[in-house]
Amino acid sequence: MAASGSRLTSPSAVLEREPRRVAGHAVRRLGEGLLVVGDGGEWTTLSEADYRRYAAGDVRDEEPLGAVLAERGLLRDRLDFARLGERFAARRLLRWPGPSVHTLVVTRRCNYKCVYCHASVVAPDDASTDMTPETARAAVDLAFESPNPQMTIEFQGGEPLMNWPVVKFAVDYARLKNRAAGKVLHFGLISNFSLLDEAKADWLIERGVSFCTSLDGPADLHERNRVSLAGGRHADAVAGIRMILAKRAAGAKVDVPNAICTVSRHSLGRAREIVDELVGLGLERVQLGPLDPVGFARRAWDKVGYTPDEYVRFYAQALDHLISLNKDGVKAYEKTALILLIRILEGGHWRFPNADVVARLAYDWDGSVYASEDGRLLAADGDPFFRIGRAGESSLAELLDHPTARASLYASMPECQPMCAQCAYAPFCTISPTFNYETQGAPWGRMPDNAWCGRIMGIFDVLFERLQDPQARAVLESWLEFKDR
Ligand code: SF4
């Protein structure tokens, strides 16, 4: 048993009273009560008095509380080993089908110069970092080595539409290969939309590509963060979103586009306006991407950065506003909340949507493969620590067997991190080895002063607090409907 915050009873006292009753668990104070999380990730909230009775082995099976504790996997002699086995198998990757998301950086060219850009971009007329068709072919071949039946190929930059011929080549080549492979194949384009015209949009939609852009909120906020070499910015993003939505309304088979809001210091205090801007455009997903003190952003941190607590305050304001909009009939969700709610409310559906190596590999313009997109950005900044191979030279098995890939896998699991192993949120959390490496010097972080931990722990606190309110909980549970979109 591990407790976060004050320990309420000593393990030896529990063992003396009723050793069979209390299953392995961790505790975190939540308002007036306590959140009790079993090792398998099932949880309940208890008053302090009930927790003391539970921890002392005094709760009888006939009591309603006894039934709750048994059902939640918190009584040692009533554990459902089949269910626990499923959860542990999923979390420990025993049935891991291999990485599913493959990010191709088709160029580092970009026509924007954002104040926090991590992407180490080059000038629009410098084609020296354009991916060639041969490299794109090798990257797609390597991606198809993953046995995962689901595959997403995502195009990023720089601005990927600056190397449009290679985007087209990679889409067509992957579709051709997939005739034999038979995977569920998705494509995603992450673009500032400044170069997206009707013809390109139609070509992409016809081939099942979904669209994502950056939109930091109202025009003045977006323009402050993103400097364009050609003008436009906010207008470009909004026009692209409207174009895709119009085609969808006219019957085109295309997902609702997504927009990532990067939260800079200028965003703090404007949470409601940002949510209103995204939802007002007809987007379903609100994604509030925190800024990390890495790469270019680290150099501009005194202008754009903030503390984990400041981000969590902003996040809580945005989440509460979104919940209240949902109560008024709006259908939109927040992405991080959904990922964590899937784990918190449906532990069996364990997902690692962006986890290094587990879910995602990044392929740079020259074919270098990285354990994560952040690892690629670190290399662009001069440190190739997370480079694990090269398309056309390495097999997927060799990539996954690379010492850095194996270290990243272990480091991303809370069970393998010293302080995390005792944390009540460990069954729901994943960790960024790249963030740890960049900010603390090794894939294993020092969680007491780790900003990633401070931020995610604050988000967990916010979510569990909102889950105590029946109306807010109903809204949060309704977001699970979006999980397969
Ligand atoms: S990173 Fe922080 S919140 Fe997550 S499991 Fe570790 S200690 Fe807990």
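In the predicted model, L93 lies in the loop that connects helix α4 (81–91) with strand β5 (101–105). This residue has 14 C-beta neighbours inside 10 Å and therefore counts as partly exposed, since the buried class begins at 20 such neighbours and the exposed class ends at 12. L93 and L409 are separated by 316 residues along the chain, whereas the distance between their C-alpha atoms is 9.8 Å. Across the chain, 67% of the contacts between residues at least 6 apart in sequence join residues at least 24 apart.

The chain contains 20 helices and 16 strands. Its radius of gyration is 23 Å, close to the 23 Å given by the globule rule for 485 residues, so the chain is as compact as a globular protein of that length. Taken along the principal axes, the box filled by the C-alpha atoms is roughly 75 × 50 × 45 Å. Buried residues make up 47% of the 485 residues of the chain.

An open sheet is formed by 10 strands with mixed pairing, in the order β13-β12-β11-β9-β8-β7-β5-β14-β15-β16. The edges are occupied by β13 (333–334) and β16 (387–390); each has a single partner strand, so one side of each is left without a neighbour in the sheet. Within this sheet, strand β8 (residues 184–190) and strand β9 (residues 209–214) run parallel and are joined by 4 bridges. Strands of a sheet pair through backbone hydrogen bonds, in either a parallel or an antiparallel arrangement. F187 is positioned opposite V209 of β9, and I190 is positioned opposite C212 of β9.

Helix α9 (residues 234–249) packs on the sheet, where it touches β9 and β11 (258–263). The direction of α9 makes about 155° with that of β9. Strand β9 is mostly covered, with 6 of its 6 residues buried. In a regular strand, side chains alternate between the two faces of the sheet. For β9, one side carries V209, F211 and T213 and the other carries S210, C212 and S214; these residues are all buried, and both faces of the strand are covered.

Two loops that adjoin strands of the sheet contain backbone features of note. Most residues other than glycine have a negative phi, and most peptide bonds are trans. G157 and G158 are joined by a cis peptide bond, with omega about 20°. G158 belongs to the loop between β7 (150–156) and α6 (164–181). F193 is not a glycine, yet has a positive phi of about 70°. This residue is placed in the loop between β8 and α7 (198–206). F193 counts as buried because 29 C-beta neighbours lie inside 10 Å, against the 20 needed for that class.

In helix α14 (residues 335–345), the buried residues are A337, L338, L340, L341, I342, R343 and I344. The elements that cover these residues include α13 (308–327), β13, α19 (451–467) and α20 (470–478). One of the residues of helix α13 is S324, which is partly exposed, with 15 other C-beta atoms within 10 Å. S324 and F88 are 236 residues apart in sequence, and their C-alpha atoms are 35 Å apart in space.

D126 is located in the loop between β6 (112–114) and α5 (133–143). With 12 C-beta neighbours inside 10 Å, D126 counts as exposed. The separation between D126 and R473 is 347 residues in sequence and 51 Å in space, C-alpha to C-alpha.

The ligand is surrounded by 13 residues, of which C420, C423, C429, C453 and M457 are the closest. By class, this shell comprises 12 nonpolar residues and 1 polar residue, with no charged residues.

Technical notes:
Residues are numbered from 1 along each chain as its sequence is written. This is a predicted model: local features need pLDDT of at least 70, side-chain atom pairs count only at pLDDT 80 or more; totals for chains, interfaces and linings use all residues. A residue is near a molecule or strand if its C-beta atom, placed from the backbone, lies within 6 Å of it. Ala, Val, Leu, Ile, Met, Phe, Trp, Tyr, Cys and Pro count as nonpolar, Asp, Glu, Lys and Arg as charged, and the others, Gly among them, as polar. The radius of gyration is taken over C-alpha atoms; the globule rule is 2.2 Å times the number of residues to the power 0.38. Two residues are in contact if their C-beta atoms, placed from the backbone, lie within 7 Å. Two strands pair if DSSP finds at least two bridges between them. Axes are lines fitted to C-alpha atoms, for helices over the stretch in contact, and angles run from 0 to 180 degrees between N-to-C directions.
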